[in-house]
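Hi,

Here is the structure I promised to send over. Have a look at it first, and then read my notes underneath.

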Amino acid sequence: MADTENVSGVEIQLDNVTKRYPGSREPAVRDVTMTIPAGKIVILVGPSGCGKTTTMRMINRLIEPSSGTITIGGEDALRLNADTLRRKVGYAIQQAGLFPHFTVAQNISVVPGLLGWERGRINDRVDEMMDLVGLDPAQYRDRFPRQLSGGQQQRVGVARALAADPPVLLMDEPFGAVDPITRGNLQDELLRLQTDLRKTIVFVTHDFDEAVKLGDKIAVLGDQSTIQQYDTPEAILANPANDMVAGFVGAGASLKQLTLLRVRDVDYEDIALTAPADESPATLRQRMIEQNRTYALVLDQRRRPLRWVHVRALSTASSLTGAGTPVGDSVSTQSTLHDALEAILAEGGHAVVTGTRGEYVGMIDITTVTDTIKQLREEHEAGSAAS
Amino acid sequence: MSSTTKPQGFSTESGSRRADRIRLLAQPAAVVVLVGAVLVWAFTRNNDAIEAESINAGVLLTKTGEHLLITAVVAAIVTGIAVPLGVLLTRSWARPVAPLFIAIANIGQAAPALGVLVLFFLWTEWEGLWCAALPIAFYSLLPVLRNTITGIESVDPALVDAGRGIGMSSSGVLFRIELPLAVPLVLAGLRTALVLAVGTATLAFFVNGGGLGELVDTGYKLNRVPVLVVGAVLAVGLALIVDWIGAVLEEYLGPKGLA
Ligand SMILES: Nc1ncnc2c1ncn2[C@@H]1O[C@H](COP(=O)(O)OP(=O)(O)O)[C@@H](O)[C@H]1O
Ligand SMILES: [Mg+2]
């Protein structure tokens with residue numbers, strides 16, 4: 001909690017919130033209590049029809065709860081004027097919901113306009129928001145939504161939701177209707193925005209992989225929005241609370257876990273015998289025999305990995321720059337363990353790890369990966385047993 | 001996006017945009033040629049005294065003016081009643097009674113126009129402009145009422161949801177989102193209504209409302225074919241011009257960014 005000062009979001013608290021639609025016997029949302037921490041992305045994930053949308057829409061009172069209380073930043077949301085409340089809560093939905101007869105700029109201006117900002121300030125804000133979501137204002141400002149791609153429309157939707165700088169952002173399957181590549185980009189973009197903005201984001205999806213990628217915390221919801229598990233993605237992957245969660249996490253939980261960890265988080269070791277490219281093959285061979293090594297890693301002047309050489313190749317080689325085989329896939333300390341595993345498999349059991357400037361820092365092998373997963377399991381099991 | 005699908009309802013749009021463009025130019029030209037030719041023929045032939053009493057600039061202008069006035073009054077009444085009523089009937093609290101009003105408007109249109117006109121005359125004992133305009137307006141209400149309702153109901157609910165979700169009031173959503181997006185259908189309905197009104201206004205002379213019907217009537221009763229032809233051709237020309245004005249309005253008043 002060292003960095004709370006940059007957080008612009010506020011905490012949202014739901015207490016015993018229930019929604020019963022008129023005419024249906026069972027409530028759509030039954031007695032939900034949860035705390036959504038300030039400045040975090042919380043994902044509501046669960047099967048279709050389980051009540052995710054209903055739960056989210058009660059936060060900005062597009063749906064009025066039948067009972068229970070909701071506070072936003074300590075203020076009782078149910079006692080505010082609903083329109084005033086919604087101008088302070090950003091809202092982005094699937095297919096963006098842009099007004100087709102408004103230009104991009106007019107769409108983004110709506111909430112600042114409702115709040116009575118001056119024209120000049122609104123115009124500046126539109127440009128600022130368009131830059132923020134990666135759309136060139138000069139080019140796109142006066143376009144109509146119809147003239148944009150699906151991904152661009154979604155960006156405008158996010159810009160519109162953020163235009164009045166609300167502390168809270170509600171997003172209901174916002175990337176559900178775009179192709180997988182665009183969706184990936186939009187997800188990356190959202191994470192990038194969030195590192196600066198630090199809003200409280202409530203994000204609804206039925207895609208568990210999306211939840212794992214974006215969430216600081218994930219609430220896995222069952223029927224009637226009952227909370228099956230509410231925890232970090234790591235904890236849910238390592239130790240699903242029940243069969244329903246396990247089913248939802250689906251096959252490949254371990255592989256998904258690997259996408260959450262970075263190489264810098266695990267113990268890679270500096271175990272390779274390295275040699276500068278200008279060392280003579282004879283001296284290197286001598287060193288290798290002394291240390292009983294069969295392979296050496298040749299580095300350039302800036303210590304970036306170049307080639308693997310076998311000790312037997314050295315007796316005939318005239319220089320290290322041409323001997324052996326080039327290094328294939330390497331992984332950086334920033335890479336996910338998932339990417340590292342890919343490289344390890346491609347390279348035959350181990351991969352070179354490089355630092356931020358591409359320099360050799362160590363080696364990672366398959367047992368490092370398996371040990372990490374084992375350790376995580378044990379940690380989370382111990383954690384849940386203790387709690 | 002589902003908002004892009006063409007909503008159902010009365011629509012006078014036909015064919016491609018290109019065909020629309022051509023029609024936009026050709027229609028008034030055809031009217032000018034047709035009406036011009038008939039007028040030239042009527043004024044240059046040897047008219048007898050009875051014919052000359054009708055076929056002169058003063059009478060023709062008056063009758064056309066009366067006809068236009070009825071049409072304009074009808075347009076004002078229809079717009080003033082059917083559009084707000086249509087809007088009201090799409091509010092969630094009024095949905096249950098909407099079919100009732102549609103049914104009434106349906107009856108209005110299904111009943112013979114002349115019958116409605118005469119019954120209204122007998123009932124109120126009024127005559128003249130208002131006696132003609134009110135029943136004709138009732139008769140022409142349906143297309144606008146129905147198209148206003150259809151137009152608003154065919155606005156993608158996600159847009160209304162988005163509007164409310166970002167903090168627009170319900171009237172804000174109505175005036176900035178729902179109505180502008182319904183404008184094309186409302187205009188199409190109005191255009192249909194006005195063409196109906198111009199046609200029906202030829203019956204206004206029954207209640208002393210004047211209009212081009214009077215020429216037709218005179219020509220028929222006094223057995224003067226030229227008078228009858230001039231009256232009929234002017235009425236047709238007027239209907240085509242009103243239809244054309246409707247098309248122009250649809251072209252230029254609709255919301256931008258939809259096509
Ligand atoms: N306006 C409504 N009236 C009645 N029932 C509704 C309404 N909206 C949603 N429901 C019902 O409430 C349940 C939860 O819906 P929803 O919150 O949309 O689920 P999700 O977003 O998880 O797919 C569903 O069974 C749905 O049929
Ligand atoms: Mg939903």
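**What I found**

Half of chain A is tucked away: of its 387 residues, 50% count as buried. Keep in mind as you read that this is a predicted model.

Let's stay with chain A for a moment. Its secondary structure comes to 14 helices and 17 strands. If you follow the C-alpha trace along its principal axes, chain A spans about 85 × 55 × 35 Å. Take the contacts in chain A between residues at least 6 apart in sequence: 62% of them join residues at least 24 apart.

Now for the outside. About 17,800 Å² of chain A is exposed, with carbon and sulfur atoms supplying 47% of that area. As for charge, chain A carries 40 positive and 50 negative side chains. The centres of those two sets lie 4 Å apart.

Next, the place where the two chains meet. How many residues of each chain are in contact with the other? On chain B there are 22, and they touch 23 residues of chain A. People often describe the size of an interface by the accessible area lost when the parts come together. Here, chain A and chain B bury about 2,100 Å² between them, and 62% of that is on carbon and sulfur atoms.

There are charged pairs across the interface too: the count between chain B and chain A is two salt bridges. One to look up in the viewer is Asp161(B) with Arg57(A), whose side chains meet in a salt bridge at 2.5 Å, N to O.

Cheers

Definitions and conventions. Residues numbered from 1 in each chain as written. Chains lettered and ligands numbered in written order. Predicted model: local features only at pLDDT ≥ 70, side-chain atom pairs only at ≥ 80, totals over all residues. Heavy atoms only, no water. Helix = DSSP H or I, 4+ residues; strand = E, 2+ residues; numbered from the N terminus. Buried < 20%, exposed > 50% of the residue type's maximum accessible area, 1.4 Å probe, protein only. Contact = heavy atoms within 4.5 Å. Areas by Shrake-Rupley, 256 points an atom, 1.4 Å probe, with all protein chains shown as cover. Lys, Arg positive; Asp, Glu negative; His and termini not counted. Charge placed at Lys NZ, Arg CZ, Asp CG, Glu CD. Buried area = accessible area lost by both parts, 1.4 Å probe. Salt bridge = Lys/Arg side-chain N within 4 Å of Asp/Glu carboxyl O.
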